Amino acid sequence: MKNSLEQSAINWLKERYAMLDFNDYQKIAKTTAIYPEQYKITYPALGLVGEAGEVANKVKKIVRDGEDNMPSDWKEQLASEIGDVLWYCAALASDLNMSLGVIAAQNKEKLEARLKKGTLQGSGDKR
Ligand SMILES: [Mg+2]
């Protein structure tokens, strides 16, 4: 059971961020994308891998040390790294002149089709 202060904070966060969809986020991310034109696609692709590595490193520490021995804000730290991954996804999509919202919708359709066909598990892009 959450105390009232914690619940108030959760409600505030939900209200503050509830309206941000993928395309809105992509527009905001684009305003903070500062890298040389010649490194379009390359820069966010490399950054995406780097940030995914930061996510993996934080999860590795949870595996190594146990959740009970993690800093109290470990979920927030991990969420922050996931946000960094998202930023690079948005930047990469922008460099490809693609909509992050469309990419998300296409991925959703792919996953739903796999679920319907019973091919969520297994391997291969064309399941
Ligand atoms: Mg990071």
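## Exercises on helices H2, H4 and H5

In this predicted model, H4 is followed by Asn97, whose phi is positive, near 55°.

**Exercise 1.** Compare the reach of H4 with the span expected at 1.5 Å a residue.

*Solution.* H4 covers residues 74–95, which is 22 residues. From first C-alpha to last, the helix reaches 32 Å. The expected value is also 32 Å, so the two are close.

**Exercise 2.** Find which residues of H4 are buried and what covers them.

*Solution.* Take the burial list. It holds Trp87, Tyr88, Cys89, Ala90, Ala91, Leu92 and Ala93. Now look at the cover. It includes helix H2 (22–31), helix H3 (42–65) and helix H5 (100–117).

**Exercise 3.** Classify the packing of H2 with H4 as parallel, perpendicular or oblique.

*Solution.* Start with the geometry. The axes lie 9 Å apart, at an angle of about 85°. Angles of 65 to 115 degrees count as roughly perpendicular, so H2 and H4 fall in that class. Next, the residues. Tyr25, Gln26, Ala29 and Lys30 of H2 meet Trp87, Ala90, Ala91, Ala93 and Ser94 of H4. By class, this contact has six nonpolar, two polar and one charged residues.

**Exercise 4.** Do the same for H2 and H5, and give the handedness of the crossing.

*Solution.* The axes come within 7 Å and cross at roughly 140°. H2 and H5 are therefore oblique to each other. The crossing is right-handed. From H2, Phe22, Asn23, Tyr25 and Gln26 make the contact; they meet Leu100, Gly101 and Ala104 in H5. The tally here is four nonpolar, three polar and no charged residues.

Conventions. Residues are numbered from 1 along each chain as its sequence is written. This is a predicted model: local features need pLDDT of at least 70, side-chain atom pairs count only at pLDDT 80 or more; totals for chains, interfaces and linings use all residues. Helices (H or I, at least four residues) and strands (E, at least two) are DSSP runs, numbered from the N terminus. A residue is buried if 20 or more other C-beta atoms lie within 10 Å of its own, exposed if 12 or fewer, and partly exposed in between; C-beta atoms are placed from the backbone. Two residues are in contact if their C-beta atoms, placed from the backbone, lie within 7 Å. Axes are lines fitted to C-alpha atoms, for helices over the stretch in contact, and angles run from 0 to 180 degrees between N-to-C directions. Angles under 35 degrees count as roughly parallel, over 145 as roughly antiparallel, 65 to 115 as roughly perpendicular and the rest as oblique. A crossing is left-handed if the near helix is turned anticlockwise from the far one by less than a right angle, and right-handed if clockwise. Ala, Val, Leu, Ile, Met, Phe, Trp, Tyr, Cys and Pro count as nonpolar, Asp, Glu, Lys and Arg as charged, and the others, Gly among them, as polar.
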